[in-house]
Amino acid sequence: MTPPSSRIPVAILGATGTVGQKFVRLLDGHPWFEVVALAASERSAGRPYADVVRWRETTPLPEAVAKMVVAPSEPPLPGRIVFSALEAEIATPIEQAFARAGATVVTNTRNHRMAEDVPLVIPEVNGHHLDVLPRQRAGRGWTGALVANPNCSTAGLAMVLAPLHRAFGVDRIVVNTMQAVSGAGYPGVASLDILDNVIPFIGGEEEKIAAETCKLLGDMTAGTFRNAAIAVSAHTNRVPVIDGHTETVSVGFARRVTPDEVRHALLAAAPSDLLRSLPSTPEHPIVVDPRPDRPQPRLDRDRGRGMTVTVGRIRPCPVLDVRLVLLVHNTIRGAAGLAIQDAELLVARGDVA
Ligand code: NAP
C-alpha cells in the first residue's frame with residue numbers, strides 16, 4: 001500500500017487522561033498522522049495542554065503539543081480522524097456528533113462496541129468487519145464513521161484465540177485476569193486499596209470480555225454480524241502492576257487439540273502484506289516465549305513497542321484441552337496503540353472521508 005502523500009490531521013478527545021496521554025506519545029512523529037487538536041472536559045478547555053495534563057508518560061511531553069490550547073469536546077475540530085479516550089459516561093453523544101459532522105471516530109470507550117452497525121476491530125483478528133461501514137453511514141445518515149476498540153483484556157485474549165479459532169474451533173474458555181492499575185485511568189484505584197492487595201472485582205469487565213470476544217471472533221456477511229458461539233467464563237482481578245494485563249486461559253476446542261498444535265497455530269499466525277504495511281503493526285503480533293516463568297508484565301509488556309502479545313506456559317489442561325498464559329500491554333495494544341492501528345487500516349482501505 002502507498003503511504004498517504006501528506007500527514008492526515010487527527011484530533012484526540014480525552015487527551016488529558018491515561019489513554020489520551022498514550023495517544024499523544026504514540027502519535028508524536030507518526031509517519032501518517034499529525035495531531036492538530038486536543039480536547040477534554042470544560043475543566044481543561046481553553047488552557048495550554050502542558051498546564052492541565054498530569055503527564056505520566058516516561059518520555060518528555062512532546063513540544064509540538066505542549067502549547068496547544070485544549071478544546072472543548074465538540075465538533076468541529078480540525079482532525080479528519082478523531083481518537084476518543086473519553087470518560088465513558090459522557091462519550092456517546094460526543095462521539096456520535098463527530099461522526100455525524102464527517103469525522104472518522106475511532107473509540108476506546110465501551111459505549112458503541114456491541115452496536116449492530118459498529119465494527120469492533122483488531123486488524124489481525126477481524127479487519128474485514130470494517131465492511132459494515134457503508135451500512136452504518138446509510139443507516140445513521142453520517143458522512144463520517146464510528147469504529148470501536150475492544151476492552152483492554154479482551155484485546156489480548158482475542159489476539160491469541162483468533163488463530164486457534166480459525167484452526168480448530170474454540171468451544172469454551174475459562175480466563176482469569178490480573179489487570180494493571182493503569183486500566184482504571186487516573187487517579188484510578190487508591191494506593192491504600194491496591195498496594196499489598198488483589199481486588200477480585202472490576203465492574204462490568206467479565207461481561208465485556210464474554211460479549212466482545214464473541215463479536216470479534218464472529219463472522220460479518222452482507223453487513224450483519226454473527227457472533228461466535230463460545231462459552232466464556234471470566235474472572236477479573238485488579239493487581240498492583242502499573243501496565244500490562246496478565247491472563248491465564250484454559251481453552252476447550254470442538255475437537256481434541258494438543259499443546260503442540262496450539263503452539264504451531266500461534267507461531268504460524270503472521271500478518272498479511274496489507275497489515276505489514278501499517279506503521280503500528282509489529283513484526284510479530286504474537287510471540288510464544290518458551291521460558292517456564294514468562295510472560296511477566298515488567299519484563300515483557302514492551303515487546304513490539306507494546307503491540308505484541310506474549311504467550312507462555314502452553315500445556316495440557318486436565319479440565320478443558322490446553323492452558324496458557326498471555327500478557328497484553330493494556331494502554332498500547334489494549335487501547336491507544338490499537339486505535340491508531342485501526343485508523344491506519346481505515347486509511348489503507350480508503351475508508352477515511
Ligand atoms: P481517564 O484517565 O479517567 O481520562 C478521562 C478523560 O475524559 C480525560 O481526558 C477527561 O478530561 C475526559 N473527560 C471527563 N469528563 C469529561 C466531560 N464531561 N467532557 C469531556 N471530556 C471529559 O480515563 P482513561 O483510563 O484514559 O480511559 C479513557 C477511556 O478509554 C475510558 O472510556 C476507558 O474505559 C477506556 N479504556 C481505557 C483503557 C485503559 O487501559 N486505561 C483501556 C481500554 C479502554 P479532563 O482531564 O478535562 O477531566
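At what distance from an oxygen atom of the ligand does a backbone N or O atom of Gly17 lie? In the model, which is predicted, the separation between this backbone atom of Gly17 and the ligand oxygen is 3.2 Å. A polar side-chain atom of Arg43 is placed 2.8 Å from an oxygen atom of the ligand, and a polar backbone atom of Gly185 is found 3.4 Å from a ligand oxygen atom. The surroundings of the ligand comprise 27 residues, of which Thr16, Val19, Ser41, Arg43 and Ser44 are the closest.

The analysis of open space in the protein was carried out on the protein atoms alone. The largest pocket encloses about 1400 Å³ of space, and its lining is made up of 50 residues, with Ala85, Leu86, Glu87, Ala88 and Gly185 lying nearest the centre. Two or more residues of this lining are given by each of helix 1 (18–27), helix 4 (88–100) and helix 9 (205–216). When the lining of the largest pocket is sorted by class, 21 residues are polar, 17 are nonpolar and twelve are charged. Gly185 thus appears in two settings, being one of the residues nearest the centre of the largest pocket and having a polar backbone atom 3.4 Å from an oxygen atom of the ligand.

For the second largest pocket, a volume of about 940 Å³ was computed. Its lining consists of 37 residues, and those nearest the centre are Lys22, Arg56, Glu57, Asp243 and Thr331. At least two lining residues come from each of helix 1, helix 8 (191–194) and helix 13 (336–349), and the largest share, five residues, is supplied by helix 1. By class, the lining of the second largest pocket contains 15 nonpolar, 13 polar and nine charged residues. Helix 1 is accordingly named among the contributors to the lining of the largest pocket as well as to that of the second largest pocket.

A further position examined was Ser153, which belongs to helix 7, a helix that spans residues 152–168. Ser153 is classed as buried because its relative accessible area is 1%, whereas the cut-off for this class is under 20%. When neighbours within four places in sequence are set aside, the residues in contact with Ser153 are Thr177, Gln179, Glu205, Ile209, His245 and Glu247. Among these contacts, Glu205 and Ile209 fall within the residue range of helix 9 (205–216), one of the elements that give two or more residues to the lining of the largest pocket.

Note on methods:
Residues numbered from 1 in each chain as written. Predicted model: local features only at pLDDT ≥ 70, side-chain atom pairs only at ≥ 80, totals over all residues. Heavy atoms only, no water. 1 Å grid on protein atoms, 1.4 Å probe; cavity = no way out; pocket = protein on both sides within 12 Å on 5 of 7 lines; lining within 4 Å. Points joined across faces, edges and corners; volume = space filled by probe spheres on them. Helix = DSSP H or I, 4+ residues; strand = E, 2+ residues; numbered from the N terminus. Nonpolar A, V, L, I, M, F, W, Y, C, P; charged D, E, K, R; others polar. Buried < 20%, exposed > 50% of the residue type's maximum accessible area, 1.4 Å probe, protein only. Contact = heavy atoms within 4.5 Å. Near = heavy atom within 4 Å. Polar contact = N/O pair within 3.5 Å; in protein donor to acceptor, adjacent residues only side chain to side chain.
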